[in-house]
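Biologist: I am new to this one. Please show me the structure, and then let us go through it step by step.

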Amino acid sequence: IYGYRLQVFFDSDKTKVDEARMRFSKSYPKIETYVSYSAPNYFLRVGDFRNSSDADRLKAELGAEFPASFIVQERVNLPRID
């Protein structure tokens, strides 16, 4: 389905992106992370939100650690059932 994710980090060095992914996953283990590549950068996007307001709430929480984060619309996975 189409929904929203939060792009929290990007860099041309995959090691830096992987480090950011680990930092995010430590704080938010239940939120999925996704790394994609579009030359020359790797992009770290997180979450599978149905609406932008849910993504915006996480963006507000991440303000200090990932201040350059922003919301992107794309195909997302269905929410996990815990």
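Modeller: One term to begin with: contact means heavy atoms within 4.5 Å. This is a predicted model, in which local features need pLDDT of at least 70, side-chain atom pairs count only at pLDDT 80 or more, and totals for chains, interfaces and linings use all residues. Residues are numbered from 1 along each chain as its sequence is written, and side-chain values use heavy atoms, with hydrogens and water left out.

Biologist: Which residues does Val 8 touch, not counting residues up to four places away in sequence?

Modeller: Apply the contact rule and skip the sequence neighbours up to four places away. What remains for Val 8 is Leu 44, Val 46, Leu 62, Phe 66 and Ser 69.

Biologist: Is Ser 69 buried or exposed?

Modeller: Buried means under 20% relative accessible area, exposed over 50%, partly exposed in between (1.4 Å probe, protein chains only). Ser 69 is found in the loop between helix 2 and strand 4 (70-75). Helices (H or I, at least four residues) and strands (E, at least two) are DSSP runs, numbered from the N terminus. Ser 69 has 5% relative accessibility, so Ser 69 counts as buried.

Biologist: How many residues does the largest nonpolar core have?

Modeller: Such a core is a set of buried Ala, Val, Leu, Ile, Met, Phe, Trp, Tyr and Cys residues joined through side-chain atoms within 4.5 Å. Val 8, Phe 24, Val 46, Leu 58 and Leu 62 have the most contacts inside the largest one. Strand 1, helix 1 (14-27), strand 3 and helix 2 (52-61) each supply at least two of its residues. The size of this core is 13 residues.

Biologist: How many aromatic pairs are there?

Modeller: Rings of Phe, Tyr and Trp (its six-membered ring) pair if their centres lie within 6.5 Å; planes under 30 degrees apart count as stacked, over 60 as edge-to-face and the rest as tilted. By that rule the count is 4.

Biologist: What kind of pair do Phe 10 and Phe 43 form?

Modeller: Their centres are 5.7 Å apart, with 25° between the planes. Phe 10 lies in strand 1 (residues 2-11) and Phe 43 in strand 3 (residues 41-49), 33 residues apart. The pair is stacked.

Biologist: Does Phe 43 count as buried or exposed?

Modeller: Its partner Phe 10 has 45% relative accessibility, so Phe 10 counts as partly exposed. Phe 43 has 17%, so Phe 43 counts as buried.
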